[in-house]
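Trainee: I have a chain to go through with you. Can we take the helix packing, the salt bridges, the core and the odd backbone spots in turn?

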Amino acid sequence: MLRGNSPLKPFDVVVIGGGPAGSAAAIGCAQRALHVALIERQEFPRFRPGESLHPGIEPVLAQLGVAGQLCVQDALRFNGHWVQWNGPLRFNGFGSDDKGSWRGFQIPRATLDTALLQHAAALGVMVHQPCRALAVLGEKSRVRGVITDSGPLHADYVIDASGASAWLHRQLGLTIRRCSPRLIARYGYVRGCPLAYRHAPHLSAVPGGWTWIANVQAQLTHWTHLAFDAPNLRRPAIPEQLQHLPTQGAIHGADVTWRISTAVAGNGYFMVGDAASQLDPASSHGVLKALMTGMQAAQVVSDCIGQPSVQSSAQRQYSQWLGDWFEKDMEQLRRFYRLHPDPPRWLQPHV
């Protein structure tokens, strides 16, 4: 499916990936009157695990132009989450103001992805879907576009939002700094929801890891389990509290190893979302990080196109901003994990 402007003119930007990071980057570029192409290898709707979203994401969605359709009154909302970690079960509320309690969202990923991508297309982004990236177009050590299975797409900049597969990273032979052993999060769904989990998600410490349980839709409960060390793939990962309920679909696994690219920006490219860096879901910034890095990359690309002399400094500033965010979140996660009754053996000693 092709949507948007004519493909005859070279693009200002080609975005790889149509998830939240890629769509946010494409929207941000289109809002700045740039000529944008986005390639996504899968048709939508596609399966992705849902995520509980912090209320702080609402103004971000508003800036992208999709809050009106996603933050609707009948969306599943919650005021905080329950945590049982290093003591009794306690409720962590998001806070409040004179308008009342702040509330998070349970927005299905298929709904979020589709709304963002459709809005990008409505702004004039040419969406190639399904379309697969095959190779990088380069000239004099600069990325100049992408060869796809639908033909070449030439551009001044490429934004890689390919997720954990980190397509551009592999194409350019860049290195990754890994900050944890290999971590696999297993997740799935059950039909129904015990009363204890209907109004707010729960995060619970369990021997050697943690479990997250959230009611994400009517009569549908999502769970995630992370083992700090090598998971026992033969043992059922479904939390004991949910094992009496019928499963919905298969149990999946995702590599959530802590990592960051050593070159998230370079000559003609920027990386966003999980293509740039990743922490496990307990960091709670997955979708927010995807949207914010996509929006920031769009701003930087616009600046670079409008004023080529700032390219080198803009790349450094973007790399510094993303790297600082990663380090801050990683240190917070380390401190949190040190409080676990059975903390990871691989954690660096507290200094």
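Mentor: Start with a term: contact means heavy atoms within 4.5 Å. Keep in mind that this is a predicted model.

Trainee: Which residues in H6 do Pro20, Ala21, Ala24, Ala25, Gly28 and Cys29 in H1 meet?

Mentor: The axes of H1 and H6 come within 7 Å. Contacts from H1 are made by Pro20, Ala21, Ala24, Ala25, Gly28 and Cys29. Their partners in H6 are Ala290, Leu291, Gly294, Met295 and Ala298.

Trainee: Are H1 and H6 roughly parallel or roughly antiparallel to each other?

Mentor: Their axes cross at roughly 30°. Angles under 35 degrees count as roughly parallel. The crossing is right-handed. H1 and H6 are therefore roughly parallel.

Trainee: Is the crossing of H1 and H4 left-handed or right-handed?

Mentor: H1 and H4 have axes 9 Å apart and pack at about 20°. They are therefore roughly parallel to each other. The crossing of H1 and H4 is left-handed.

Trainee: Which H4 residues meet Pro20, Ser23, Ala26 and Ile27 in H1?

Mentor: Pro20 also takes part in the H1 contacts with H6. On the H4 side, the residues met by Pro20, Ser23, Ala26 and Ile27 are Arg109, Leu112, Asp113, Leu116, Leu117, His119 and Ala120.

Trainee: Arg109 and Asp113 form a salt bridge. Why are they about one helical turn apart?

Mentor: The closest N and O atoms of Arg109 and Asp113 are 3.1 Å apart. Both residues sit in helix H4, residues 109-122. They are about one helical turn apart because their separation in that helix is four residues.

Trainee: Is Asp113 buried or exposed?

Mentor: Buried means under 20% relative accessible area. Its partner Arg109 has 14%, so Arg109 is buried. Asp113 has 1%, so Asp113 is buried.

Trainee: How many salt bridges are there?

Mentor: The cut-off is a Lys or Arg side-chain nitrogen within 4 Å of an Asp or Glu carboxyl oxygen. Glu331, Arg334, Arg335 and Arg338 are linked in a network of salt bridges. By this rule the count is nine.

Trainee: How many residues apart in sequence are the parts tied together by Glu327 and Arg177?

Mentor: Glu327 forms a salt bridge with Arg177, with the closest N and O atoms 2.3 Å apart. Glu327 lies in helix H7 and Arg177 in strand S15, so the pair ties together parts whose separation in sequence is 150 residues.

Trainee: And the salt bridge of Lys289: which residue is its partner?

Mentor: The closest N and O atoms of the pair are 3.0 Å apart. Lys289 is in helix H6, and the partner is in the loop between strands S23 and S24, 15 residues apart. Lys289 is buried at 13%, whereas the partner is partly exposed at 31%. That partner is Asp274.

Trainee: Now the core. Which helix gives the most to the largest nonpolar core?

Mentor: In soluble globular proteins, nonpolar side chains tend to be buried together. The largest nonpolar core here has 93 residues. Leu61, Leu64, Ile159, Leu291, Tyr318 and Tyr337 touch the most other members. With nine residues, the helix that gives the most is H6.

Trainee: What does Tyr318 touch, not counting residues up to four places away in sequence?

Mentor: Tyr318 is among the core residues that touch the most other members. Its contacts are Val264, Ala265, Phe270, Met271, Val272, Thr293, Gln296, Ala297 and Val300.

Trainee: Which peptide bond is cis, with omega near -5°?

Mentor: Look in the loop between strands S11 and S12, where Pro130 lies. The cis bond runs from Gln129 to Pro130.

Trainee: Is Ala33 buried or exposed?

Mentor: Ala33 is not a glycine, yet has a positive phi of about 65°. It lies in the loop between helix H1 and strand S3. Exposed means over 50% relative accessible area. At 69%, Ala33 is exposed.

Trainee: What about Ala166, buried or exposed?

Mentor: Ala166 also has a positive phi, near 45°. It lies in the loop between strand S14 and helix H5. Its relative accessibility is 3%, so Ala166 counts as buried.

Key
Residues numbered from 1 in each chain as written. Predicted model: local features only at pLDDT ≥ 70, side-chain atom pairs only at ≥ 80, totals over all residues. Heavy atoms only, no water. Helix = DSSP H or I, 4+ residues; strand = E, 2+ residues; numbered from the N terminus. Buried < 20%, exposed > 50% of the residue type's maximum accessible area, 1.4 Å probe, protein only. Core = buried A, V, L, I, M, F, W, Y, C linked by side-chain atoms within 4.5 Å. Axes fitted to C-alpha atoms, helices over the stretch in contact; angles between N-to-C directions. Parallel < 35°, antiparallel > 145°, perpendicular 65-115°, else oblique. Left-handed = near helix turned anticlockwise from the far one by under 90°.
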